[in-house]
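Here are my notes for you to read alongside the model. They go point by point, so dip in wherever you like.

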Amino acid sequence: MATENKNLSEYDKDTIPNAKHLRFGIVVSEWNSNITEGLYQGAETALLDCGAQASNIIRWNVPGSFELTYGCKKLIQQEKPDAVIAIGSVIQGETKHFDFVCSATAQGIKDLNVQLNVPVIFCVLTDNTMQQAIDRSGGKHGNKGAEAAIAAIKMAVLGK
């Protein structure tokens with residue numbers, strides 16, 4: 001397991017560029033909101049901790065993870081951020097729906113990174129159980145949202 005004995009929220013602030021002059025978009029899926037809100041809080045907290053100004057963090061909501069690609073694209077076009085974080089949570093059910101949503105969402109986020117000149121960070125949990133999602137959105141494995149925020153800062157600086 002990739003997260004075994006690893007806290008996703010840990011980072012060395014001294015190695016992270018200052019985010020004071022960067023603008024961030026965060027697109028949050030409303031599906032599994034108990035998970036996505038935790039991820040958002042982790043991302044926002046890490047961005048602020050690394051110098052981002054609250055006024056430079058733009059949040060948009062979309063209905064589900066499948067809609068993240070369109071939401072990110074429109075946010076980039078309208079808000080002109082330096083980086084975007086796509087936050088979602090898809091939990092395995094009894095049908096193949098999980099596979100289709102996960103694949104399409106990952107492919108869509110990848111396509112945005114190839115087509116547009118703004119990095120889009122994939123912060124979509126694709127877990128087998130609700131407990132796994134809880135563990136990665138502020139639970140025993142920390143918060144994947146914080147990890148995504150650090151990636152967003154680094155990628156925004158790389159793009160400048």
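**Notes on the model**

1. Let me start with histidine 97, which counts as exposed because its relative accessibility is 55%; here buried means under 20% relative accessible area, exposed means over 50%, and partly exposed is in between (1.4 Å probe, protein chains only). The residue sits in helix α3, residues 97-115. UniProt, in an unreviewed entry, lists His97 under "active site"; positions from that record are given in the numbering used here, feature names are shortened, and annotations may be inferred rather than shown by experiment.

2. A word on ground rules. This is a predicted model, in which local features need pLDDT of at least 70 and side-chain atom pairs count only at pLDDT 80 or more, while totals for chains, interfaces and linings use all residues. Residues are numbered from 1 along each chain as its sequence is written, and side-chain values use heavy atoms, with hydrogens and water left out.

3. On to the overall layout. The protein has five helices and six strands, and read from the N terminus the order is β-α-β-α-β-α-β-α-β-β-α. The radius of gyration is 15 Å, close to the 15 Å that the globule rule gives for 160 residues, so the protein is as compact as a globular protein of that length. For the terms: helices (H or I, at least four residues) and strands (E, at least two) are DSSP runs, numbered from the N terminus, and the radius of gyration is taken over C-alpha atoms, with the globule rule being 2.2 Å times the number of residues to the power 0.38. Along the principal axes, the C-alpha atoms fill a box of roughly 45 × 35 × 25 Å.

4. How much of the protein is buried? Buried residues account for 47% of the 160 residues. The protein exposes about 8,200 Å², with carbon and sulfur atoms supplying 52% of that area (Shrake-Rupley method with a 1.4 Å probe; for residues, only the protein chains shown count as cover). Taking contacts between residues at least 6 apart in sequence, 78% join residues at least 24 apart, where contact means heavy atoms within 4.5 Å.

5. Charges, briefly. There are 15 positive and 17 negative charges, and their mean positions are 7 Å apart. Lys and Arg count as positive and Asp and Glu as negative, leaving out His and the chain ends; each charge is placed at NZ of Lys, CZ of Arg, CG of Asp or CD of Glu.

6. Have a look at serine 89 in strand β3, residues 83-91. Serine 89 is buried because its relative accessible area is 1%. Which residues does serine 89 contact, leaving aside neighbours within four places in sequence? The list is Trp31, Asn32, Ile35, Thr36, Ser65, Val124, Leu125 and Ala133.

7. One of those contacts, Asn32, deserves its own point. Asparagine 32 lies in the loop between β1 (24-29) and α1 (33-49), and its phi is near 55°, a positive value in a residue other than glycine. For background, most residues other than glycine have a negative phi. At 18% relative accessibility, asparagine 32 counts as buried.

8. Lysine 80 also has a positive phi, about 55°, although it is not a glycine. Its place is the loop between α2 (68-79) and β3. Is lysine 80 buried or exposed? Lysine 80 is exposed, since its relative accessible area is 57%.

9. Back in helix α3, we find glycine 108, which is buried with a relative accessible area of 9%. Its C-alpha atom is 8.4 Å from that of tyrosine 70, and the two are 38 residues apart along the chain. In the loop between α3 and β4 (120-127) comes asparagine 117, which counts as exposed at 78% relative accessibility. Asparagine 117 and alanine 83 are 34 residues apart in sequence, with 9.3 Å from C-alpha to C-alpha.

10. Lastly, alanine 156 in helix α5, residues 144-159. With a relative accessible area of 2%, alanine 156 is buried. Not counting residues up to four places away in sequence, alanine 156 touches Leu22, Phe24, Asp82, Ala83 and Pro119. From alanine 156 to glutamate 30 the C-alpha separation is 25 Å, with their positions 126 residues apart along the chain.
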